[in-house]
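Notebook open, structure loaded. I want to go through the sheet, the confidence, one loop residue and the chain contacts.

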Amino acid sequence: MSDLIATDNLLNEAQKAIFEALVDTLVPAGEDELMPSASEVDVLSYIVDSAPDFAPQLAAIVDSFNDEFVSSGEERRVQLVQEFEQAQPELFGGLLFHTYARYYQDARVLEGIGLTAGPPFPRGNTVEAGDLSLLDPVMEKSHGYRKVAGVSSDLR
Amino acid sequence: MSDNSISEGPVDVLIIGAGASGAAVAWSLADTRMKIVCLEQGDWMNPTDYATNKTDWEVHQYSKLNIDPNVRGLETDYPINNDESPINVVNFNGVGGSTILYAAHFPRLHPSDFKVKTLDGVAADWPISYDTLEPYFAQNDRMMGVSGLAGDPMYPPKQPPLPPIPLGLVGETVARGYNKLGWHWWPSDSAIISQPYEGRDKCLNLGPCMTGCSQGGKSSTDITYWPEAIRMGVELRTRCRVREVTVNESGMADGVIYYDADGNEVHQKAEVVVMACNGVGTPRILLNSTSEQFPNGLANSSGMVGKNLMFHPVGFAQGRFEEHLDSHKGPQGCCILSKEFYETDESRGYVRGYNMQITRGTGPFSTALQGYASGTIPWGPGHHDAFQKQFDHVAAIGILCEDLPEEHNTVTLDPELVDSDGIPSPKINYTMSENSRKMLEHGLARAEEALRAAGAVEVTSGGPVQAAGWHLLGTARMGDDPATSVVNNWGRSHDVKNLFIVDGSIFVTSGGLNPTSTIQALALYIADTMKKNLANLFD
């Protein structure tokens, strides 16, 4: 028997449905349709691949919710997740961490917030040098470092 | 020493630690043509392993490139017991040491920082002055590649070798706030090259300097001092973890015992031993170096090894602006600074002062995560709106407080916790003083004031930050009196005349700013003094 954890054997279909509803409650799709929901960026596969230490806890997380959760309206789902957040802060924190981690490296999401997908290097960023004449008032004011008797740098 | 120990023939100088100070002292001593070996417990870094090469670049700061060795948990790290401290020690172990993950904010200590007792009646004066270190500050700026702007009225004249890194919209915005208040500010001295320099290409404004610099624009010592030191003949051995400094019957250091990558115990003989392991690693090794002659640890007749630990308690205020500030672009920890409240004004209710370090924003993942923690970005239906208001719309001010030396703040050996080689781990006992608390409270209030003056529509603040024990100072302090200090005014142990300490342990007081520039200037000064006294080094 394989000891690999895969999305196919980590959660059954009913649990997967709850998981998707859960992460979509955390990060729903944007109203302008620019931003996908969390389940659209496949948080489950990301956790299985990138967070193998956390993945075994997913069953316990989804089992905190019942089938009613999937069919509930947004307001009720938010209420149930808030209850879970209060009751299981560590599990909730882990789930939120990995959901955000996956979500904010997805190309659609990054483009939706005005960024270019992919690693920052070697593309880099342009930052304006800035207006150093803003220092004029600093120079005009009699700021000065604190003098120390007997130190020659104070005599310059 | 075990029966299976391998014995290596003597070297002239043995340096422990290849970080900020170890690299500087190795390079400076190299022109003596002595046989110099440096032992480093970590590895060389491969720039392609740094986070900004990867799509999931933001995640790495929470795992294998985390600043906290207890979180990072690499084989090359040693665990640290922080249970009795509100501030956790953070560091990096590898060639370059903590300069691999530092922010590279590079101010010097001020002239007044060396004379705290004389000026303010607290702590103790250093046995040297700013003047003593001034030529070494300048030499170090050239070697590291420091960007900045001459003319800061808060310092004696100095000339950074490279022009300042860009202010960007964050810097300009906060600067306008300072100008409204009539407060001092200046572009930060940064160990980040703003132009091509000494074969390195300039900073690309990637952002997260604290997960290593893929470009090599940030001046970590693996790409500044070490290539030159090695070309000049210094031998650098990685994966060598020192357990103790050994002594001969005359009470002189005669080498160290270390574990190599295969776990072999090696006794490396040496004529001179130089400790460069930072303010936690150095007392750890000295306290673990017990013998009949030195039952309380080496160089510890004063009892000061491991005492007077100083961090810089840190807090942050963050402002949200209506305007788009491109916050995530540019070196995150380097922009501008303010010394408006750096010096003592007793009407504020505390002595000494703090630096205000303006920092840029984070990437989207960290923005969302930190927004959840601070309550500014909820999960759920309001997430996207709140995120858009916050991301790239923030500027922050870090308050970095001078910590005064107190003997009860200590590094000792943990009775149970050990590293993977069985060497006792350091245990930190630290209490933040009332003076530091009042200072941080004052600083956060002033930071909020500055951000509001700059136009922030929403301001949050908090501190002390737990995972911010970057600056490890004072645990083997220098001084003229062997009864109250560990090393003399050029870093030589009072007790063991061929043992030198060149890292932040020897700070007498901490100043209120990032110490790496001063640590390295001290290392260069000590190396230069050793060279001038080679004929009678142990007199």
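**Sheet in chain B**

I'm working with a predicted model here. I started with the open sheet in chain B, where six strands pair antiparallel in the order E4-E10-E11-E12-E9-E15. I then checked the edges: strand E4 (186–187) and strand E15 (458–462) of chain B each pair on one side only. Inside the sheet I looked up E10 (residues 336–338) and E11 (residues 354–359) of chain B, which run antiparallel and are joined by two bridges. Across that pair, Ser338(B) stands opposite Met356(B).

**Confidence in chain A**

I pulled the pLDDT for chain A: the average is 91, and 90% of the residues score at least 70. Residues 152–156 of chain A fall below 50, and this stretch has eleven contacts in the model beyond near neighbours in sequence. Where pLDDT is low, the predicted coordinates should not be read in detail.

**Asp53(A)**

I found Asp53(A) in the loop between helix H3 (43–50) and helix H4 (58–62) of chain A. Why does Asp53(A) count as exposed? I counted 8 other C-beta atoms within 10 Å of Asp53(A), and the cut-off for exposed is 12 or fewer. I also took the C-alpha to C-alpha distance from Asp53(A) to Gly130(A): 45 Å, with their positions 77 residues apart in sequence.

**Where A touches B**

I get 41 residues of chain A in contact with 55 residues of chain B. On the chain A side, the helices giving two or more residues are H2 (13–26), H6 (74–87), H7 (89–103) and H9 (136–140). H7(A) gives the most, with four residues. By type, I sorted the chain A side into 22 nonpolar, twelve polar and seven charged residues.

Terms used: Residues numbered from 1 in each chain as written. Chains lettered and ligands numbered in written order. Predicted model: local features only at pLDDT ≥ 70, side-chain atom pairs only at ≥ 80, totals over all residues. Pairing = 2+ DSSP bridges. pLDDT = per-residue confidence, 0-100. Contact = placed C-beta atoms within 7 Å. Buried ≥ 20, exposed ≤ 12 C-beta atoms within 10 Å, placed from the backbone. Nonpolar A, V, L, I, M, F, W, Y, C, P; charged D, E, K, R; others polar.
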